[in-house]
Every structure is written in structure tokens, then in C-alpha cells.
2 protein chains.
Amino acid sequence: MSILLISQSRDMAPYREAMLKTDPNLDIEIWPNIKNKERVTFAVAWNHPGNVFGGYPNLKAVSSLGAGADHLLNDTSIGADVALCRVVAPSLAAQMSDYCLTWIYNIMRKTIPYYEQQKTGGWKMLPARSKDEMKIGVMGMGEIGRYVAEKIRDAGFQVNGWSRSRKEIPGITSYTQDETGEFLAATNTLICLLPHTAETENILDLELFKKLQKPGWIINVGRGAHLEEDDLIYALDMNILEGAVLDVFKEEPLPESHLFRGRRNIIITPHIAAVTQPRDVTDQLIDNYKRSLSGMKLLNPVSRENGY
Amino acid sequence: MSILLISQSRDMAPYREAMLKTDPNLDIEIWPNIKNKERVTFAVAWNHPGNVFGGYPNLKAVSSLGAGADHLLNDTSIGADVALCRVVAPSLAAQMSDYCLTWIYNIMRKTIPYYEQQKTGGWKMLPARSKDEMKIGVMGMGEIGRYVAEKIRDAGFQVNGWSRSRKEIPGITSYTQDETGEFLAATNTLICLLPHTAETENILDLELFKKLQKPGWIINVGRGAHLEEDDLIYALDMNILEGAVLDVFKEEPLPESHLFRGRRNIIITPHIAAVTQPRDVTDQLIDNYKRSLSGMKLLNPVSRENGY
């Protein structure tokens, strides 16, 4: 039995090293240099090449290396009998809330306009936004979304949450799918932390932007597939939105010629809002590997039915 | 009796308006259009022209419009029998803590390097700093300093405080003047919130920078006079410091030709970390005016002996 680590974009050697440090008896292969595909029973995948799981007859389970699992759900080469799971690392939620708070503060305190002014030699006080003028909305109140919403609330901001079912969280106003209009009317800084499903694809579109309270900002830390890119450009050009902070994109790396680049009201970061560190996930990867071998239920399973 | 509002840099009309709304019987003059200097018994000053208080024989008290009062203490035209005071606005401390948190997050999450990378079309993950690698130190644990330190602690950062006398604040390590070396060795992100006195002038100098833990950052939100400007340039050039965030300067507005401009590792904001809003201070200004008329002790007095 062996474990396969597979990613096109991330160096998997540090993960292998950390896992071997915990259990030196593990047999761990790193794609694309695989000695024996038949021995692979467990795979850990992140931004992996599509449909490469055909040649692994004994594959029992595949784990995402992050909170998102759409790259596994969309891969038709993973047999229906293969169990899917993901990692839940407290540090992912903490990194995510820090990223969101960084940009909430920057929007409020006009960091980028001041930085641009610095370059031109200016010295002008820009109109300030007070804390109670920032109305934060979090779409997607799963484990990470809820954590992020609570941390933003703890920092003294008003927070609304939007989710399928109503959530009772102290100090956070909960809206359900039937109350989307009210949620958007009460929100001017929208954080997308939804899972990627057929229902949520392109959910950040012109119709939504128009309902958002002004001055409207989008912070997308969910998936690039959530954002209707042309609608964002249009909404910014028409002053329907004031700006956007994007960490995820339909195509990553974002092409150098992409329309989003070089616009002052679009902030781009290279998918770094929350990065799984080896020390955060070693134990749960090994645990799920051993569970899959003995036919036990996996930790943090991904449901093909729910799509996350 | 009348009140004089005097500032070279700030429009005082909104303060006059707010005070008259609270008490329409007040007589309030705005410098330089003063009808009757002899009637002025109370002045409110912010960045006022030096030594203009000679012609006010009945002046009883002068209030700063901010937390700092060195512009009053240094003005030799204010008689020794004139009482000095300043404003204490909770919103000033809140704005200050938000400004400091904004930049702590930006230093941790490398906001400016990512923003510069965006402009060049790059897509590179920059080495991350984790929250527990940020060691925040607050110099000056007065009312604002203590509030700022507590808010930074509440956001999950390690915080050290430096002050004349030891402070017992849960979760904040207190250092006194005799322990400056230990304080700096335990700190890599130094926030200056000291009052400006002879003792604190140029306290942010090369000797201090060398003792700071690396990678060292200075956030100066105290007074420009605290910073030895040439030493900062030298320390950045020699990689003794990694960067600086400056909201206050020896000369304001910062001259267009100043050495600090155009350096990527110096962030400049135009003295906007905490701006006194009329609604925040109207009541206490009127209160101190009436106290001064009836010979009562002023609220938030400034001591000529302590220098703050």
C-alpha cells in the first residue's frame, strides 16, 4: 500500500517529509514519478491534472489538500466507490479570517488610495469611513465561513451571514436563501466563502452587485467559478461597485493579459488567502489513510450528493 | 467672554457649528478673523501659528484639539497662569487601534509587496509570516497606548508594552525604562505612541533600531519629533530594519522632495491615523470652557511639569 501526493502547482516534498517524520514506515510517492500505481490506495490532490486516476485499480480514497473539494468532485476518473475527504485545519480558518480582516481594514482606511497618493507626492486627507459604516456580509457559513464571520464580529464590525439554513450565532444576523435581497441590502462588503457547486457557480453576478448596499465591495476567497468576470468589470465601470479583492480566479495563474490586471479598483492576490501548511494536516492525512485501509468512516468526508 | 478656535491646517467651521448646536449662546471666533481679543477666555488650538497668544489678556485656558499637547507646551506666548488641557475622545483611540491593526495585518500578509507584484503581472506566493511570528511592542502606555495594545492583543497578537511605570494588563508583557533592551529584543513591530517630551525626542534612533528583533518594523503614530530621520534611512539601507509606516513627520505636510518619498519600504500617510471629529469633542470643549470661567479644575489637564 502506498500514498500518492499529486499537484501541478505546489511542491509536495515538504508534505511527504512531514508525514514520514510522523510515521517513517509510510510509502509515499509524489506525482509524476510513480513506481507502482497498483500499490496506491490513498491519494492527496491539489490542483491536480484532470482525469489521471484511471490507472489506480486499488484506490480507496482521495483527500483534498484544502477545504475545497470541487477538483475531486469534477474528476470523472475517480470511481464512485472511492471515498472523498478534505482537510480541516484550524490554521486555514485563521489565515482566512486574517486575510479578510486585512482587506476590510484596508477598504475602511483607504490604504491603497493613500499608497497611490504617496507615489505622486500628495498630502491629502481622504474621506474617512467609520467602522459602523462597514457592513460585512459572509456568504457561506460552513466551518470556515462561520469562523471568519465570528472573528470579524469580534473585531467590532457588523456582520451578516447568508446560508441555506438559519444559523443562531450571537451578534451575527443570519439570512437564508429566501432572504438574499435583504441580506445584500444590509451589506456593503461581501465576502464569498461558498463551496463551488452548480448552484453557486457565477453567483457573484450583476444582479447581485446591483442589490448590494453602496459603496459596494466584493472579497472573493471562495472559488474563481463563483464570479461572473464580465459582470464585475461592468459593475466597476458603471460605479455599481467601488472595488473588488480577488484571491481566486477561473484560470490560475491569472493570465498576464487578463482584464483584471492593472485596474486600481481590483486587488489581486495569487490564491494565498489560506495556505495549508504541512504541520497543519500531516496527522489527519495519515489518520484518513489508515481509516481507508481498515474500511472505517473517513474524517471530514466530502459528499457527492451535497457537492461539498 | 468668547472662545477662539485656531488652526492653520484644519477647517474649524464644523467644530464651531457643532458647539453652537449644543449651546447657541456661545460666542465663538475663528482665527484669523477675530473681532475682540480681549473677550477671548478659552482657546482651542491645533497646528496653530507659533506665539500668537500675546494679545489675549483674559485668556484662562487653552485646549489641544487632539491627544498631543506639545504645540501648547512649546508656545512661550501662553502665560504660565493659563491652564492647558487636551481632548480625550474614545473614537481617537479606536481610530488609532484600527490604523495600527491595519498595518500590522499588512506587514504580516505582505499586502504592499503583493500589490506591487500585481502591477508587474506576477503570480508568486511570497514567504508568509504567521501570526505568532509577529511580536508587537507599544511604546507609551497612556490612555491611547493602553487601548491600542489591548485591541491588538484581542486580535490574537503577542503584545509588549513599554512605559515609565510597570502596568499590570492581562495578556500584555510590561517593560519599564530600565528594561528597554529586553523590550526591543522581544519586539519586531514597534508602535510609537509616546508623548513628545525632551526625553522622547529622537528616541527612534539607530541604537534602538539595532536592538529590535528582526525583521524589524517601525510604526510611528506618535510625533514626527520621535524619529531620527537619517537613522531610519540608514537602518533600512543596511537591512537593520525591514520597513516603516509613518503617519507623523518633523515637517508637515511632508515636503515633496523629502527622502522618505518614493521608497517602497517606507509607507507614508498624511497624519490621518486618528482624526478628531466635531461630534467627539464638542461636549468636553464646552465643559472645559465653562469650568475655566468658574475657576474649576479642567478635565484632561496637561501638566507643564510632566510635559504631557
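In this predicted model, B:K131 lies over the face of B:F157, at a distance of 4.9 Å from the ring centre. In chain A, the charged end of A:K131 likewise sits over the ring of A:F157, 4.9 Å from the centre of that ring. The two phenylalanines are also members of one aromatic cluster, which is formed by A:Y105, A:F157, B:Y105 and B:F157 and thus draws on residues of chain A and chain B.

Over all chains, the count of aromatic pairs comes to 15. One of them is formed by A:F53 and A:Y56, whose rings are tilted with respect to each other, with 5.9 Å from centre to centre and 55 degrees between the planes. Both partners are assigned to the buried class: A:F53 has a relative accessible area of 2% and is therefore buried, while A:Y56, at 6% relative accessibility, is likewise counted as buried.

Turning to the strands of chain A, β6(A), which spans residues 135-139, has four of its five residues buried, so that this strand is largely enclosed by the rest of the structure. The chain passes from β6(A) through helix α5 (residues 143-154) to β7(A), and the resulting β-α-β crossover is right-handed. Strands β6(A) and β7(A), the latter comprising residues 158-162, pair in the parallel sense over five bridges, and among these contacts A:G137 has A:N160 of β7(A) as its bridge partner. Strand β6(A) is further joined by four bridges to β9(A), residues 189-192, and these two strands also run parallel; here the bridge partner of A:M139 is A:C192 in β9(A).

How values were computed. Residues numbered from 1 in each chain as written. Chains lettered and ligands numbered in written order. Predicted model: local features only at pLDDT ≥ 70, side-chain atom pairs only at ≥ 80, totals over all residues. Heavy atoms only, no water. Buried < 20%, exposed > 50% of the residue type's maximum accessible area, 1.4 Å probe, protein only. Pairing = 2+ DSSP bridges. Right-handed = clockwise from strand over helix to strand, strands pointing away. Phe/Tyr/Trp six-rings, centres within 6.5 Å; stacked < 30°, edge-to-face > 60°. Lys NZ or Arg CZ within 6 Å of the ring centre and 35° of its normal.
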